[in-house]
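Colleague: I should be grateful for a close look at one part of this protein, namely the pairing of its strands. Please describe it in a connected way that a first-year student can follow.

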Amino acid sequence: PPSWSPILNTVTSQLEPHMDETYLTQLYEGMGHNVVSVRLIKDRMTGRPQGYCFLEFDSELFLFHCLS
């Protein structure tokens, strides 16, 4: 049977305009966290980043780190 694994998402806000998906992935992976996906929220009209994103990780370790 397939194993169940939780989806471990967090919201990151107050991002600088230069922080794209690649930058954020490299930033968190450089701290030892495996990033599954990054969803950068952009303005529908302009396509410019809105300053926040959703990050998905494969381990609870990062989320516990954020909450402590």
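Modeller: Valine 38 stands opposite leucine 55, a residue of strand β3. This pair belongs to the contact between β2 and β3, two antiparallel strands that are joined by six bridges. The model is a predicted one, and the confidence therefore deserves attention alongside the geometry. Strand β2, which covers residues 35–42, has the highest mean pLDDT among the elements of the protein, at 94. The lowest mean, 68, belongs to helix α2, at residues 60–67. Over the protein as a whole, pLDDT averages 85, and 81% of the residues score at least 70.

The connection between β2 and β3 may be considered next. The two strands form a hairpin, with six residues between them. Glycine 47 lies in the turn and has a positive phi of about 80°.

Strand β3, residues 49–57, is also paired with β1: six bridges join these two strands, and they run antiparallel. Here valine 11 is found opposite phenylalanine 54 of β3.

Strand β1 spans residues 8–13 and includes threonine 12. The relative accessible area of threonine 12 is 14%; because buried means under 20%, this residue counts as buried. Leaving aside residues up to four places away in sequence, threonine 12 touches Tyr28, Gly51, Tyr52, Cys53 and Leu55. Leucine 55, one of these contacts of threonine 12, is also the residue of β3 that stands opposite valine 38.

Key
Residues are numbered from 1 along each chain as its sequence is written. This is a predicted model: local features need pLDDT of at least 70, side-chain atom pairs count only at pLDDT 80 or more; totals for chains, interfaces and linings use all residues. Side-chain values use heavy atoms; hydrogens and water are left out. pLDDT is the predictor's confidence in each residue, from 0 to 100. Helices (H or I, at least four residues) and strands (E, at least two) are DSSP runs, numbered from the N terminus. Buried means under 20% relative accessible area, exposed over 50%, partly exposed in between (1.4 Å probe, protein chains only). Contact means heavy atoms within 4.5 Å. Two strands pair if DSSP finds at least two bridges between them.
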